[in-house]
Structure formats: structure tokens, C-alpha cells
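Subject: Handing over a structure, with notes

Dear colleague,

I am passing a structure on to you, and my notes on it follow below. Please open it first and keep it beside you while you read.

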Amino acid sequence: MSDQIKEVKIDDLLMKVEKPARYLGNEMNSAHKEINEDMVRFAFAFPDTYEIGMSHLGMQILYHLLNEQQDIFCERVFSPNTDMENLLRREERPLFALETKTPLKAFDFIGFTLQYELSYTNILNILDMGEIPLFQKDREEEDPIIILGGPCSYNPEPIADFADIIVLGEGEEIILEVINLYKKIKQKPNYQKADFLLAASEIEGIYVPSHFAVDYHADGRIKEVRSTEKSGGEQGLKKRIIEDLDKAYYPDKILVPYIDTVHNRVVLEIFRGCIRGCRFCQAGMIYRPVRERSLEKLQTMAHDLLQNTGYEEISLASLSSSDYTEIEALIHHLIEINQKDHIGVSLPSLRLDNFSKELIEEIQKVRKTGLTFAPEAGTQRLRDVINKNIREEDLLNSAKEAFEMGYNNIKLYFMIGLPTETDEDILGIKELVYKVLNQYHSLPKEKRAGGLKITVSTSTFVPKAFTPFQWEEQISLEEIHRRQSILKESLTHRSINYNYHDGKTSVVEGAFARGDRRLSKVLYKAYSLGCKFDGWGDHFDYQKWVKAFEEEDSSLDFYSHRKRSYDEILPWDHFDIGVNKSYLMQENNKAKIEEVTPDCRLNCSACGINQKFTSRGGVC
Amino acid sequence: MAMLRGKFSKTGDMKYISHLDLVRLFHRVLRRAGINIAYTQGFNPHPIISFATALSLGVESYGEYFDLKLNEEMSFTEFQQSVNQHMPRGIKILDGKYIDSKEDSLMSMVEYSDYLIAVEFIDENWDRELFEQWVAGFLEEERIMITRKKKKKRRQRHQEYKEVDVRPLIKELTLESVRGEKWSLYTLLTTGSKGNLKPEDLIKLFEKYLKNQEQNREKENPIEITSVEITRKDLYQEVNGAMKNLIDAV
Ligand code: SF4
């Protein structure tokens, strides 16, 4: 970092913004280091607010992992809230990293996490506020290296033109490899960024988008993805996983914010992956295979994290916590902690089919919160199509048991617009919800708690890359609205509360989820028109997006509402995530004939991950 | 069981932490420091700790107080050391002692608080004498009225306001020092259930008064305060006519 760059002064702004504690950067367990010349300065950027970013586990892991290295200093950046952004822009002060208030342009790396397609404009905004050229091609030698990773990097094409490097897969090991390589190469005389990018592309899991070019057919479909003269080979295009989670890095402390954030508590990641194989679920495919942490490891982690943060609550994180093989033992342990040290325990993402009454009762001893169930579809036929192995009886029994135990607050999640969905399936949602309601009313009054509240939420199905539904179309905006209004009109009982997501955001999300490289221009245009915080209902402006697509001669229909054929080259086909395309096709075919696939523990369906990505081979 | 009363400072960046967040910060720091705190009974047990009076965001303080119930008495010095070790910079336990748990709550004890208020003006070219005259003049006002929100009654839809005379709540106001462009005022204000005036409000009232004076002077630049820095010095109870801070008062 050059000496001329001074820290950004914000003291005079803090009293003028809401929640100034967002910008202090001195939270418990935050890293503060003596800066020296040889240090690699890394800014971990989260393209959303402080409150959301601080709740992100991946950020917490990488932050502490990097800061445990002596010669790396990792700081944090979040999207400033509008009040702070306006002040900074008015005063012409650049965006800075929280810990030292160093302007972003002085960093060696800025790493963005791609959590959600609708946060992409915030990435551009952060770069812009940091006075860093947005497009990779416009950046100079002294500009930071922009590195992207996270779940959306499995199809990073729509944002590829802004990135120097994209990380495919889990970051704990690869991030250190990248930085160590940078340190080595940077020392060489006549160092140039291109040398580093070339060398980095040799690392497995690293994708350098500028080393590739895409050709298109006249009808807009991809003709070929080819490596350019800059390319050094293609070894990178395979996702990285950590094989043994017990040996993987996990911080024994995490940052404790001063203000309330979305998950203001200790989070224990109990396993990665999912045994279930729901056909719409991207996480279920990209995070394969299932890797569990041992009970002993989790107990130590829980103890250390509580000790080092002082948190009053602990929660479990995974895609489906009750699938953890030792879930009962783990919960008993947490309950012990609760009784001894008064620590609250929360257990999100329990599935209802293997949901035991005893388990609920144990949890209830700790804290009686609402229960959440996600049947996803209203009819058994459609649940078979999406491979959600939940039967109506399971839901109704669980609901009844819950009501008997005194729960009066139940949330039910569904999706609309799933492939093959008919009005009958939509009405099936209504019927199912009323059956749950009847379970409550069938109990004698003295056996149930008063004030029943059933919250029904529907989101719109968005086909995602690397899922069996990646070829499917998304229903039109009119159709989304029509199906939502069927439910609006039929879920009118006073105990039922119906929530639905704005269909317009789903359409834009859908375009970017399966978009190709040409969307970078649309993204830039939308940003120029003023789009940011698109994931927030009050900021999202659909008309601006429509305009951006129009002006760039692009089409939402083409990306969101078009069915792809099996032989089309998809924008993410050049990445290897371990799950074979043939398996995805097979699952798609089975969906069409409403045939279910058992979960991985009952029967391996040979998705392919175990051959290429684990040393175990065979069945996971 | 033992009740510990502690005094602490809240300065620097920590002035941006709201009262609610401060309470939670204490809970977490006490846990980290391994203090054997007593918990409330019931469904969501929480530490038994209470604070004197909330400090506004942006105000620094050298006189904040808490009462904390411990399951077991430990030496205050040991308590102080281990807690300070885990506190973020800006919060520091300064003093403390064990008190009888039958003592009045901090909240009901507070009667006064004093502050240093450093202000900067756009037009700072006045002499000290004139400024002191204004301070005196301000205090000579018979009534100093402020508009306050009335407590909303149940089901009442619109907010109602009332005018309150706060002159009796200002016990002292003097010019403490002038350093460069910073004019520092010292003030002692009634605080708590028997009447309450916040220093932020006092300075606004004073500014209003200055503007009125200014009109009489017929100067071009209107008076405008450009920055205010407030520091609370301490909280007091009046015991037999003497101001005692909340530790000395028990
Ligand atoms: S290899 Fe078999 S068991 Fe492993 S994730 Fe794939 S389908 Fe499941």
C-alpha cells in the first residue's frame, strides 16, 4: 500500500447516520494489526448491509482464517446504508474498510461473496464508491485484484466481466493458496498482474474469466466457450471441497456486533451437503457430498465459541439439521449447556418427516419459538415431481403434535411455479393449509393454546444452475400474479396469514441465475440507471431493470422464461461440480414421470461426486 | 448473593453504542470474563443487572453506573480487572463496591448530572465577557419553555404536545474555558424522575436565546452552533444538601 493513501475520516459523519455502530470496525474479536510493507491487505466485501453481512458464516470463517496468518490483514466492507453513502458521495470520500478506514483502492485484494443474484448491483456500487474501475478490462496494475466466490459463483458468467478471479467451491484452503501465490509472484522483478492471474489459473478451483471467450449462435444460444490466448490451461474449472470437516479450519471466536444483526448468536455448522436431492434445490447439488462434523468436534466448537463471545444463544446451521446422524446426542448436549449456563438454543431447518416428538419436547424446554415446515408443494403429485419426500400425514401428524404441546404459531413454506404445476396443485396448498387448521380445531379447547397463527409463505420457483430443473422455464410475471391471487382469495381465514414474494424480483433473479456473460452489460446498465439493494423490496425497481434489458438489446424472456433443451450448451457447463450432467438429466426425466429418488443414505443414485471429489470413492 | 455497584466510563467510539446495545454488551462481556452472575428465573433467564439512566447516542461519559447481582462475592479489584480485560476500548470500570440489596435502585436515586458541553460557532468572534453576559442573561430568564411530547394515552391517534418550563431544572451553567474555537460550558442539570433536562436540549435552548440576542446586535452573520460535544461527568444524589455520586451516596 502506498504511503500517500490516508485513512478516510468519518468521525464527523457518524452522528449524522443511523446506527453509527455499523461503521466502527472495532467489535469484539475484530482484528487490528500493525501494518507493514510486506503485508497482504485483503478486504472481504459483503454486498449487503452490515446486519446481513455480519450474520454470514462464511465471512466469519474466512476473516479469522486470514487474520490468523501473520502477513495477511483481512478487513471488512459492507454496503453502506443509503444515508452513509449519500454523505460519503457528497463529501467525495471513498469507501473504506471498517477496521482501518483504509480506502478500498489501496487493498491488494477485494473479495466479494456472491450470496444472491440480486446483490450484484451492490458489488458494482461498492467498487464505484471505492473508486475502482468496474470492468476488469479497465483496471490498471495498481488497482486491487477483484476476487469473487460463494454459492452464485457456480454460474458467475453474468458478473464475470467485473472479476479478475472467481473461486469455485469452498474457500478455506484455496484462499490461502491464492494469497501465498500472490506473495511469491509479486516479489519477482517486473511483476505484472497478468503473471499472477496466469499462475493462479493453475490452481484447482480458480476460474479467470478473462482467459475465456464465448461465441454465440444467431438465436442467442451459446455456440462455444473457448480459452483465449491469455489462458494457461483449464485445470481450474473444478470446484474445491474440504474433505474432512473436522480438520477444516473453524474459528474458535467470531465477531460480536454491537447492534442487533440477523443472526446475533453462535452458529455451529454441523455438516455440509444434503442427503435429500430435492430437484429445485441448488444448495443440495452444489454442496455435495455430505460431510459431517463429529459430535466431539462440535462440542468443543460450541464451548470455545460461547466462551470467546459471551453470546447467550447458539443455533445449528446446515441444510437440514435433523439429518445429522447424531442429532439427538447433540441436542442433549446443547440442552445441558442451556441448563448450566443459560444459553438459548435454536434449531432452524428441521424436516418434518423425521421430526420426533421427543426432540420437540427437548427443544421446548429451552425456548418455545414458532415451528417452520416446508412442504414446498400442495399436492403429493407435485411433491413427487420435485422429490420432496414428505407425505401429507407426516405434516398433519407433526402439526397435531405441535398443537398438543402448546404451539400456536406455525409457518408453512411453499413454492409456486414449479415445473408441471397446475391450478389443482395451487389449490392443494389451500387444502393442505386448511387441513393443518383443522388439526388444531379438532383438539379439545383445553388441550391447545389459544391464538392460532398459521403463516403461509410462497416464493416463486427460480430454476438454478446445476439442478435437475436447470433446463426448465420460469412462469411469466402474469402467471405468477394469477397464481398468487388464487391463494390470496382462498387463504382468507383469520388465523391464516398469507405472504408472498414479489414476482418481479424472482424474474430478474431467474435471469441472472442462468444468465451468460452478456448480462454483465445489462447489469452495468441497470446499475447506471440507479439499481441497487435489489433484494430489498423498497429499493427494487422493476421498470429500471426492464429498461436495462431493452437498452442492451437483451431479453428477460430469453433468460428467465425459456425452456432449454438437453443439447444446449449452458453458460456453466464448463465447470465441474462433481455431479454429472447425465445425473441431472436423469433426475429431470424422473420428475416428468413423477418418480421419486430415495435419499443418499437409503440408496446412492450415483450422482458422480464420489468418483471425482472424494478419496473414498464408491458410495458417499 | 451479593449486589455490586459499579461506575464506568463510556468514551471514544463507544459513545455511538445505544443504551440497549450497551446492556447486551455488558451481558456478553460478563460471560466472557467468567463472572458468576445471577440470572432471573423463568423462560428466558437473563443476567440481573440494571443501569442508572440512559445516555444519548453521541454523548461521552465518565460517570455511568450499574448494579449487578452476583451469586458469589468476589473482590472488587478482581472483578474490575477481569471485566476491563474483556471490555472494548472506551468502556472501563472505574470504581465500585458491594451494597445492600435493599438499597434504592440506581434509577430512583439519580437526581442530578453534570456535563461539559463544548460548542463551536460559525461566528466565533466574540469576546469572553460578552459571552459570559449572555450565559448570565440566559439564566436570568424567568421561564425557559420547551415543547415536549405528551405521553400517548391508549388508543389515542395523534401525538399531543405540552409546554414545560425547564428553568428550575438548570442548577448551574457557566463558561468553563475557551480553547481556540471551542467554547466549553459546564452545567449541572436535574435528571431523573423529579424532572429531567437533557444537555442536548439545553444547548438548543441556549442557541435560541443567543440568536435573539444577536438580533439586537444587528450583525450580518447569524449565530449558528456548528458542533456540539457533550461529556457527562457524573450522576448525583443530594444527601443532606451535598452532591454525592451514586457510589458515595450509599
Ligand atoms: S454419490 Fe450417491 S450418496 Fe453421494 S451424493 Fe451422489 S447420490 Fe448421494
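To begin with the aromatic residues, B:Phe8, B:Phe26, B:Phe51, B:Phe66, B:Phe76 and B:Phe79 form one aromatic cluster. Please bear in mind throughout that this is a predicted model. Within the cluster, B:Phe8 and B:Phe66 make a tilted aromatic pair, with 5.9 Å from centre to centre and 40° between the planes. This pair links distant parts of the chain, since B:Phe8 belongs to strand E1 (residues 2–10) of chain B and B:Phe66 to strand E3 (residues 60–70) of chain B, 58 residues apart. B:Phe8 is buried, with a relative accessible area of 0%, and B:Phe66, at 1% relative accessibility, counts as buried too.

Over all chains, a search of the whole structure finds 33 aromatic pairs. One of them joins A:Phe540 and A:Tyr542, again tilted, with the ring centres 6.4 Å apart and an angle of 35° between the planes. A:Phe540 is buried at a relative accessible area of 11%, and A:Tyr542 counts as buried at 14%.

Turning to where the two chains meet, the contact takes 28 residues from chain A and 18 residues from chain B. The area buried between them is about 2000 Å², and carbon and sulfur atoms give 55% of it. Of the area that chain B buries against chain A, 36% is supplied by B:Tyr16, B:Arg28 and B:Arg32, which is more than any other three residues supply. Between the chains there are two salt bridges, and nine residue pairs are in polar contact, counting pairs with both residues at pLDDT 80 or more. By class, the side of chain B that touches chain A has 10 nonpolar, two polar and six charged residues. A salt bridge also joins the side chains of A:Asp260 and B:Arg24, at 3.1 Å from N to O.

The structure as a whole holds 62 salt bridges over all chains. In chain A, a network of salt bridges links A:Glu170, A:Glu172, A:Glu269, A:Arg272, A:Arg291 and A:Arg293. Within this network, the side chains of A:Arg272 and A:Glu269 meet at 2.8 Å, N to O; A:Arg272 is buried, with a relative accessible area of 9%, and A:Glu269 counts as buried at 11% relative accessibility.

Two further salt bridges involve helix H13 of chain A. A:Glu392 bridges to A:Lys435, with the closest N and O atoms 2.8 Å apart. A:Glu392 lies in helix H13 (residues 392–404) and A:Lys435 in helix H14 (residues 423–442), so this pair ties together parts of chain A that are 43 residues apart in sequence. A:Glu392 counts as partly exposed at 23% relative accessibility, and A:Lys435 is partly exposed at 34%. The side chains of A:Lys447 and A:Glu404 meet at 4.0 Å, N to O. A:Lys447 is in the loop between H14 and strand E16 (453–460) of chain A.

Lastly, A:Tyr287 lies in the loop between helix H8 (282–286) and strand E11 (291–292) of chain A, and at 25% relative accessibility this residue counts as partly exposed. Leaving aside neighbours within four places in sequence, A:Tyr287 is in contact with A:Pro151, A:Lys239, A:Arg272, A:Gly273 and A:Leu319.

With best wishes

Definitions and conventions:
Residues numbered from 1 in each chain as written. Chains lettered and ligands numbered in written order. Predicted model: local features only at pLDDT ≥ 70, side-chain atom pairs only at ≥ 80, totals over all residues. Heavy atoms only, no water. Contact = heavy atoms within 4.5 Å. Buried area = accessible area lost by both parts, 1.4 Å probe. Polar contact = N/O pair within 3.5 Å; in protein donor to acceptor, adjacent residues only side chain to side chain. Nonpolar A, V, L, I, M, F, W, Y, C, P; charged D, E, K, R; others polar. Phe/Tyr/Trp six-rings, centres within 6.5 Å; stacked < 30°, edge-to-face > 60°. Buried < 20%, exposed > 50% of the residue type's maximum accessible area, 1.4 Å probe, protein only. Helix = DSSP H or I, 4+ residues; strand = E, 2+ residues; numbered from the N terminus.
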